[in-house]
Amino acid sequence: MVTHVATLDVPRHLVEYLARLLAAHRRRIGTPKGSRALGPFRQAVLVLRWFRDRGCVHCLARDAGVSQATGYRYLHEGIDVLADQAPGLHEVLNRCRREGVTHVILDGTLIESDRLARVRDHGNDLWFSQKHKAFGGNFQFLSAPDGTPLWVSDAEPGSTPDITAARIHALPVLYRTAADGGQGSAAPTGSGRRSAGLMSQ
């Protein structure tokens, strides 16, 4: 067996940020000190390695000196802790208005996944997208005019059309926000994307 030293290609302050979130999460759920196989910092490294390289969890767990089951548990815990930091749609739109953003762009995408065993009433796979010819989840996302991502919705099955997912997760709030801002517009911008005005006239 050959060992080697590797460098995680993310800023150290990002690892420390996630480690603080994980430490706070452990305190919140009452995890006894010293009862975990990995401390918050090493768990943060495992999680960020997965985000950075999408390596197999078995390999990440082996490198960290924990079992594969523990590796999966630590990874999912870290993802959940990060997801809890994501702002809600109302919060994002209020911040955009405060910062003078004139409009935001809504679009949808399919994040591919392994096949999921769930069938719709007419027999087609619920998580299979005919549009993309792949299994996955339909996510709606909001971006600033320059393309900076601002918000991502929960997943809908891959068979869900973009417009349906948008109506579930985003359009009612966007229409209401645009109307409150005095422009009342959420107009198609092409490729299924929609742009909603935010600024008062």
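Visitor: Why is lysine 131 called exposed?

Guide: In this predicted model, lysine 131 has a relative accessible area of 65%. The term exposed applies over 50%, so lysine 131 counts as exposed.

Visitor: What makes the contact of lysine 131 with aspartate 162 a salt bridge?

Guide: The closest N and O atoms of aspartate 162 and lysine 131 are 3.5 Å apart. The limit for a side-chain nitrogen of Lys or Arg and a carboxyl oxygen of Asp or Glu is 4 Å, and therefore the pair qualifies as a salt bridge.

Visitor: Which parts of the chain does this pair link?

Guide: Aspartate 162 belongs to helix H6 (residues 162-169), whereas lysine 131 lies in the loop between strand S2 (128-129) and strand S3 (134-143). The two residues are 31 residues apart, and the pair links distant parts of the chain. Aspartate 162 is partly exposed, because its relative accessibility of 23% falls between the limits of 20% and 50%.

Visitor: How many salt bridges are there by this rule?

Guide: The count comes to six salt bridges. Among them is the pair of arginine 52 and aspartate 9, with the closest N and O atoms 2.8 Å apart. Arginine 52 is in helix H2 and aspartate 9 in the segment before H1, 43 residues apart. A network also exists: salt bridges that share partners join Arg49, Arg62 and Asp63.

Visitor: Why do arginine 52 and aspartate 9 receive opposite or unlike labels, partly exposed or exposed?

Guide: Arginine 52 has a relative accessibility of 42%, and aspartate 9 has 56%. Exposed requires over 50%, so aspartate 9 counts as exposed and arginine 52 counts as partly exposed.

Visitor: How do you know that arginine 12 and glutamate 16 are separated by about one helical turn?

Guide: Both residues lie in helix H1, and they are four residues apart, which means a separation of about one helical turn. Arginine 12 and glutamate 16 also form a salt bridge, because their closest N and O atoms are 3.0 Å apart and the limit is 4 Å. Arginine 12 is exposed at 55% relative accessibility, and glutamate 16 is partly exposed at 31%.

Visitor: What makes the pair of tryptophan 50 and phenylalanine 51 edge-to-face?

Guide: Two values decide the matter. The ring centres are 5.3 Å apart, and rings pair if their centres lie within 6.5 Å. The planes stand at 75°, and an angle over 60 degrees counts as edge-to-face, so both parts of the rule are met. Tryptophan 50 is buried at 18% relative accessibility, while phenylalanine 51 is partly exposed at 39%.

Visitor: Where is the other aromatic pair, given that the structure holds two?

Guide: Phenylalanine 128 and phenylalanine 135 form an aromatic pair, with 5.0 Å between centres and 65° between planes. The angle is over 60 degrees, and therefore this pair too is edge-to-face. Phenylalanine 135 counts as buried, because its relative accessibility is 16% and the limit for buried is under 20%.

Visitor: What sits over the ring of tryptophan 50?

Guide: The charged end of arginine 54 does, 4.4 Å from the centre of the ring.

Visitor: Why is valine 66 called buried?

Guide: Valine 66 has a relative accessible area of 12%, which is under 20%, so the term buried applies. Valine 66 lies in the loop between H3 and H4. Leaving aside neighbours within four places in sequence, valine 66 is in contact with Ala37, Leu38, Ala61 and Gly71. The C-alpha atoms of valine 66 and leucine 38 are separated by 8.1 Å, although the two are 28 residues apart along the chain.

Visitor: Why is glutamate 156 called buried?

Guide: Glutamate 156, in strand S5 (residues 156-157), has a relative accessible area of 17%. That value is under 20%, so glutamate 156 counts as buried. Beyond four places in sequence, its contacts include Trp127, Gly137 and His169.

Visitor: Which residues have the most contacts inside the largest nonpolar core?

Guide: They are Leu18, Leu38, Ala44, Leu46 and Leu75, in a core of 20 residues. Helices H1 (12-29), H2 (40-53), H3 (57-64) and H4 (68-83) each give two or more residues to this core. A second, separate core of 16 residues includes Val92, Leu93, Val104 and Val173.

Note on methods
Residues numbered from 1 in each chain as written. Predicted model: local features only at pLDDT ≥ 70, side-chain atom pairs only at ≥ 80, totals over all residues. Heavy atoms only, no water. Core = buried A, V, L, I, M, F, W, Y, C linked by side-chain atoms within 4.5 Å. Buried < 20%, exposed > 50% of the residue type's maximum accessible area, 1.4 Å probe, protein only. Phe/Tyr/Trp six-rings, centres within 6.5 Å; stacked < 30°, edge-to-face > 60°. Lys NZ or Arg CZ within 6 Å of the ring centre and 35° of its normal. Contact = heavy atoms within 4.5 Å.
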